[in-house]
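Biologist: I would like to learn how aromatic rings meet in a protein. Could you show me one and take my questions?

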Amino acid sequence: MSNVSSNVSSNVSVIKQFLIDEFLPDVSAAELDVDHDMLSDGVIDSLGVLKLIAWVEERFGLTVSDTELDPDNFRTVTSIDAFIANNTRSVPAGS
């Protein structure tokens with residue numbers, strides 16, 4: 001079970017780094033709170049959500065269905081991480 005928690009924490013780091021690289025270049029990972037609502041404050045707009053979804057699909061090998069396109073799934077680092085965890089059945093070692 002320790003692999004699961006280490007995967008979750010590493011997902012948070014990876015998610016934060018992507019968000020910082022793409023949307024928040026002047027913010028450090030330590031400054032980006034995992035519960036910061038990036039949609040309501042305009043950090044990520046509708047095109048940004050599409051970019052984020054494409055990245056999640058490519059990076060984590062997921063397919064985001066139309067029913068999963070709920071903005072709440074992509075509002076915070078925590079919600080993105082939960083979405084990935086809920087949609088990842090098993091990740092081969094080294095992926």
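Biologist: Which residue lies over the face of Phe 60?

Modeller: Happy to help, and please keep in mind that this model is predicted. For an arginine, the atom to check is CZ, which has to be within 6 Å of the ring centre. Here the distance to the ring centre of Phe 60 is 5.2 Å, and the residue lying over the face is Arg 59.

Biologist: Are the planes of Phe 18 and Trp 55 stacked or edge-to-face?

Modeller: Let's take the angle, since planes under 30 degrees apart count as stacked. Phe 18 lies in helix 1 and Trp 55 in helix 2, so their pair ties together parts 37 residues apart in sequence. The centres are 4.3 Å apart and the planes are at 10 degrees, so by that cut-off the pair is stacked.

Biologist: Is Trp 55 buried or exposed?

Modeller: Buried means under 20% relative accessible area. The value for Trp 55 is 16%, so Trp 55 is buried.

Biologist: What kind of pair do Phe 74 and Phe 83 form?

Modeller: Phe 74 and Phe 83 are both buried. Their ring centres lie 5.1 Å apart. With the planes at 55 degrees, the pair is tilted.

Biologist: Is Ala 30 buried or exposed?

Modeller: Find Ala 30 in the loop between helix 1 and helix 2. A residue counts as exposed when its relative accessible area is over 50%. Ala 30 has 77%, so Ala 30 is exposed.

Terms used. Residues are numbered from 1 along each chain as its sequence is written. This is a predicted model: local features need pLDDT of at least 70, side-chain atom pairs count only at pLDDT 80 or more; totals for chains, interfaces and linings use all residues. Side-chain values use heavy atoms; hydrogens and water are left out. Rings of Phe, Tyr and Trp (its six-membered ring) pair if their centres lie within 6.5 Å; planes under 30 degrees apart count as stacked, over 60 as edge-to-face and the rest as tilted. Helices (H or I, at least four residues) and strands (E, at least two) are DSSP runs, numbered from the N terminus. Buried means under 20% relative accessible area, exposed over 50%, partly exposed in between (1.4 Å probe, protein chains only). A charge sits over a ring if NZ of Lys or CZ of Arg is within 6 Å of the ring centre and within 35 degrees of the ring normal.
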